[in-house]
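Some labels in a structure deserve a challenge. Here the terms are put to the test, one by one.

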Amino acid sequence: MNNNTIVNGTDSPGSASGDKRDLLALLKLIKKYNLKQTEELLCQEANIRSEELEDLDDKEISSLLTSALGDNQENNPPGITVHTGTENDPEFYDTVFGELRNFVDESLDIYKHELFMVLYPILVQIYFKLVSNGYAKPAREFVEKYGTDLDYYYREDLQNLLLITKRSDLENNDFVTAMETDKFIIRMSRDAHSLFKRHIQDRKQELIADIVAKYLHFDTYEGTARSKAQCDATAGSLIGEARRQDNKIRVYYGLLKEVDFQSLTTPAPTVVEEEDDNDPDAPDKPKKKKPKKDPLFSKKSKSDPNAPAMDRIPLPELKDADKLEKLKALREASKRVPLNKDSLPSVCLYTILNSHHTVTCAEISEDSYMMAVGFTDSSIKVWSLTPAKLREMKTAEHLKDIDKDAEDVLVRMMDDRTGEAARTFYGHSGPVYRCAFAPEKNMLLSCSEDTTIRLWSLHTWTCIVVFKGHLFPVWDVRFSPHGYYFASCSYDKTARLWATDSNQPLRIFTGHLSDVDCVQFHPNSNYIASGSSDRTIRLWDVLNGQLVRLMTGHKGSVYALAFSTCGRYLASGSSDHTVLIYDLSHGQLVTSLVRHTGSIHTMCFSRDGTILAIGGLDCCLTLWDFSKLAEDYIAQNSNASHNPEINEGDTYLLRAFPTKCTPFLSLHFTRRNLLLAVGTFKA
């Protein structure tokens, strides 16, 4: 007889006293391991047809083998592993989880909410074990029985879980990988954690203990357990919650010093001021004029203790033309309209009508002079928002005659005869998902489903560079506020840092468990924030590629990010219809802004940082009093804590502007605090 054959006790296969059901169980086990010769021999000796094996289900086989072989498997032949014991019984999993659920329900209210958080990851791991053992139907019934008791924000995950019905489905599945390779993090008070461990030990629940050891991480703290609201505030992501040590690294969130305008080659402009001359002997004498330096030049920026060093990362050196442009922006800012709850911004909504192809994105340049719109047919259209036309550079032959040292050399390089109100770029081979203007206004970035990023010249109106590196569609691309660098993110679960003069990424930021939907540069260009479908926001250090902040709390994919003008706060919008505000100094959640009924895809802070504008797919624009929000947060909770009180965000809503049928694609504050919005009309 073949060495791999298992004989039940002393009964031979042909013995009349042998139990036929036991023999069928052994035959099906042999068939499972593809021992065809042994199977045929036994079937022939016992006069059993192969069709009879199909009548047995896995549960019955498990029960028969358990009683026949017992719990000791030390004498099993090599090559055969027989899983015996209660773990091969679906009812065992149901019983164990039911006891855990009852333990949580019967716990004191002060600990119940934190203990409740262990149920979801343990339920998921039990489902994986049931499916892996071939119990697809009991696994589904198990989730349907206990899944309804879990928090609402796990319902979508549980629906995706039920799509996994075979052992092969467990392989190369993003959700399975996320739950098994990265431990699920649960923040819990030490007292609640001790209760949980004592329950496992007292009930001798080896299954739960094994799951906890392999797939869960408890971030314990000393102090009072958190309330239900505090637990829900930071829960919901694929990884659970962020560990406290993930947010301990110092972040230089301050702003860099302003440009030293005194270094301009041209003399500083002066304004003439009348000098008071109260000479009693000559009252009618004309007053003398004395020159006074422009206050824009004499004003010195204070050094911020939270700001990074100017040379922390290499930034491009500003040319005189760039400095003059910054000076122009500063002059416009001096005429800025101050915003507050009594003086709200005017809103100008650009509505795109009757486009031949679906609009996928829209972006307005920093100086509010141009708007770029991407379409599903892979084209990009750029409009001028001012009477000035979009001109093309003169030919090389005509450029020879231009004085290169002239102050207006850039103006002279452009051909007035080629001026148009709009221009179109062609080059991508898939829908364009994002456009981004360079701060210098001479280039435009775009990313597409074709996995590439393209850099376009706004002087020659041609493609300059095609950046290839991402493996899947690129969802977002953003320029650094200081130019030269840009960031991108993709379905391949990575965000990347690029430079315009290199066709290879400078940094690849990995760690997200699902596709990265949006990226945003910090105002000081030293950090990049990324939002993902794993429902987390991560802050990366451009200098070394290190993860310096991990923020959780969203219950859906993160689609929009915006830094406050001071650099300390980060706002994130999600498909869960909420906007969360985080304090980057501690990685702490400040508040949740709940008003919209659709996904949030665009946000923007006013130029003075007092107003936060939010646009949603629910065709509604909301304005929030961010200055009051920040003041209240600093006054109430200036230091980090393991269980901070989350402010109610509804009190900061200033105004809501509904549109008829126009969801918002982009929001932009001009230098004078006029709010520009872009949307597409949905009939």
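The questions below cover one buried residue and one sheet.

This is a predicted model, in which local features need pLDDT of at least 70, side-chain atom pairs count only at pLDDT 80 or more, and totals for chains, interfaces and linings use all residues. Residues are numbered from 1 along each chain as its sequence is written, and side-chain values use heavy atoms, with hydrogens and water left out.

Q: Why is Thr 452 called buried?
A: Buried means under 20% relative accessible area (exposed is over 50%, partly exposed in between; 1.4 Å probe, protein chains only). Thr 452 has 9% relative accessibility, so it counts as buried.

Q: What makes the link between the side chains of Thr 452 and Asp 450 a polar contact?
A: The term needs a pair of N or O atoms within 3.5 Å, and within protein one must be able to donate a hydrogen and the other to accept it. The Thr 452–Asp 450 pair is joined at 2.7 Å.

Q: Which residues is Thr 452 in contact with, leaving aside its neighbours within four places in sequence?
A: Contact means heavy atoms within 4.5 Å. The partners include His 428, Cys 447, Phe 467 and Val 474.

Q: How do you know that β30 and β32 pair?
A: Two strands pair if DSSP finds at least two bridges between them. β30 (residues 620–625) and β32 have 5, in the antiparallel sense. In one of them, Thr 622 has Ala 656 of β32 as its bridge partner.

Q: In the open sheet β28-β29-β30-β32, why do β28 and β32 stand at the edges?
A: Each has a single partner strand, so one side of each is left without a neighbour in the sheet.

Methods. Helix = DSSP H or I, 4+ residues; strand = E, 2+ residues; numbered from the N terminus.
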